[in-house]
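Walk me through this structure, please. I would like to know how the parts of one chain fit together.

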Amino acid sequence: MLESIRKRVRTGKVTIPLPAGDPPAPFRGMPVILDAFRSGNVAETCAKACATEAIDPEKKTMDLGRCVFCGLCEEACGGKGIRFSQDPRLPWGKREHLVLGGRGVPPATASPDLRSLLGRSLHLREVSAGGCNGCDLEAQALGNPIFDLQRFGIDFVASPRHADGLLVTGPVSKNMREALVKTYEAIAEPRIVIAIGACAASGGIFRGSYAVENNGVGGVLPVDLFIPGCPPHPLTLLYALLGFLGRSPERIPGGSSPSPAEPNRDRTL
Amino acid sequence: MRCVHTFDLGITAPLAEEAFRAFLRETSTGGDRLLALFAEEPSSGRFLLHAVAGGSAPGRFLHACVEASPRSFRTFTDVCPGTHWFEREIYDLFGLVPEGHPELNPLRFHEGWPKKFFPLRSAGAPAPDPRRGYRFLLVRGEGIHEVAVGPVHAGIIEPGHFRFSCAGETIQNLEIRLGYQHKGIESLFPGGPGMGKILLSESISGDTAVGHSTACARLLEAITGRPADPSAERWRATALEIERISNHCGDLGGLSTDIGYLFGAAHFGRLRGTALNLLLKITGNRFGRGLNRVGGIGPRVPGIAPEDLLGELSRLRIEVGDVGTTLLDTPSVVARMEGTGRLLRHTAKTLQFVGMVARASGRDVDARRDFPSPAYVESPPAKVLLDTGDVMARARVRFMEMRASFDWLSGILAGVSPADTPAEGGNAPVSGRRLVVSVEEGWRGEIVHAAVVDGERRITRYKVVDPSFRNWPGLSFAVQKNVISDFPLCNKSFNLSYSGADL
């Protein structure tokens, strides 16, 4: 008992403030599309290296809904066309918001009505629908003392009856389709659907398998928010969830910038 | 290389059925253990069953195969109970019926699938018999009631269905029905030995990306004939041990959550994150994705200098030691864990369970010793073996294994471990049809990847064995005669992958 109290005091506060710094190199976060990607055959070189057909060499676009962030395109073009930055903030929103280099689309923040209905509270039921467990583990990590999702009024609940929405991972295996739809239907309206990870957005690395649905979660349920990644870093999830709710990190209680007394203490998290 | 082996299928004649049965019986009783049993259709309508075994001496691999009729084969469970789930899997994928199997329920195909759909059976093969329906075991008796849980569970975890038959609070039988995470991974592997396969292997089980991708990379390297250099192998083993530490921390946190010990839950949740961030500093991803390439490691790996990593590991080690000691010395924790969910040594041996679950029940198997990769050849991490087989033993094995991993890591990162031997060549190159087997000790236990490769170096059949697939039946044994409220604790103490088992 005494030992655990002592440990608690020694450890102090570990929760990471928002906005947080970037994870350390060689983290592969937001890809930067460079000018060379749009000229010559750089996009083709990148597309050839891509195992998930995320790069369209004709339209010169990169679909983060398919990207598994392996970095092979960057290696193939020598960093000339695509370079992965360390920024954990990835584009989120409807499916088209995840395509880099395409036409600009208006932001996909939750409607004012929904936001006023939710207030400062969002409760989600999580369903893993054929994924590898990577996204689930990162969603779970949001609840640990470092990312502490609850401080933002967002939490995961056990029953769909207690939930405002659904958070889905995985490409939707055919064996999980029914359970997923039933869980969705058990949530009272209005309900939101959040799909995280490349599998949930497009089938990801499993796209085309006989055992998964054709188009990720979007082929089965109406998705309000897609968050890319393979799996998304917990910070990516935090930024996207808060952004969707129209709450930018700077304006969140407990989400202040790092204090000058502890410069960059948690930067590497 | 002692963790990879190539068998020349051109010179391997299929055994007679009795000889094949004797081969499997040996794995139940002798020093060599079963690594995998799987089917293959080398040409339309012709079916082969392959068995891979080994481990009685470092790097010892054995292989045998037998012809099966397009309809059925006689079950091997009577001579080798460890083939139980493998045979159900063969039935699922190829429609070959294991005659006499004690519990022939489909593992992965639920009611919604067409009855004659067997994904790896070719269209040219004789039409199979329709798939049998799933029958739950019915327990009868006064006051017996059933409790059904899942597929969607209460927490943020993968789906699976548990059917308990209880007398009052006491579990008489637990039937585990999986398959919900089935995504047809094995059907996506055939083809050339390119990078796409490594990306696939990273998604077999998200928490074992390092273990699976390393096993896969070595297998592809054996096909292409380009082994990784010793330094790359050292980083692979380093990442593998950190993956072990991160998951063991997570599990000790999970066990704490399930008994309401919030101190352990909070601290181990945090320390798991610290370990994952070390993987990120090495590979660029918290789960070690991006570590492996065919022929070595990624160009940005490692992103951290060995001496810096050593410093971070020694800080983590102190914290894990502090929190773990407090956890395992707390009387209320010990009271919940001791004697709960006991898995007997006899069961673990008979059903050939693997990894830390087996090592907590006195079964001494560890691929780092039995199939050592180059970095482990000279000195694998210290042996950890307990024999009480309860939740406490599985918790203690995790804690002790972390200590062994920290010790081993400080040796290898400081460069004192004599692992810098030149790259070992594989066995004699084979040019025709061959079977390549790769084994690695992931944090749950031994991971086996096997590929049948044709003369053009193309994969025609790929078999993945996650340790979860081997150990899931063990959970049913461990919870028998326990109260149902202890199920979450027992389940967490196994922490098996649904995705890895369902593939």
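**Two domains and a shared sheet**

The domain assignment splits out two parts of chain B: domain 1 covers 4–99 and domain 2 covers 192–462. Keep in mind that this is a predicted model. The C-alpha centres of domain 1 of chain B and domain 2 of chain B are 27 Å apart. Their contact draws 22 residues from domain 1 of chain B and 26 residues from domain 2 of chain B.

Look at the domain 1 side of that contact in chain B. The elements that give two or more residues to it are β1 (4–8), β2 (33–43), β3 (46–54) and β4 (61–68) of chain B. β2(B) supplies the largest share, six residues. Sorted by class, this side of domain 1 of chain B holds 11 nonpolar, eight polar and three charged residues.

Now follow β1 of chain B into its sheet. The sheet is open and has four strands, in the order β1-β12-β13-β14 (chain B). Pairing is antiparallel. β1 and β14 (459–465) of chain B are the edge strands, and each pairs on one side only. On average, neighbouring strands of this sheet are turned by 15° against each other, direction ignored.

What joins β1(B) to β12 (residues 434–441) of chain B? Five bridges do, and the two strands run antiparallel. As one example, B:Thr6 has B:Val436 in β12(B) as its bridge partner. A helix also packs on the sheet: α5 (residues 209–224) of chain B. Helix α5 of chain B touches β1, β12 and β13 (446–453) of chain B. The direction of α5 makes about 150° with that of β12(B).

Terms used:
Residues numbered from 1 in each chain as written. Chains lettered and ligands numbered in written order. Predicted model: local features only at pLDDT ≥ 70, side-chain atom pairs only at ≥ 80, totals over all residues. Domains from an automatic or database assignment. Contact = placed C-beta atoms within 7 Å. Nonpolar A, V, L, I, M, F, W, Y, C, P; charged D, E, K, R; others polar. Pairing = 2+ DSSP bridges. Axes fitted to C-alpha atoms, helices over the stretch in contact; angles between N-to-C directions.
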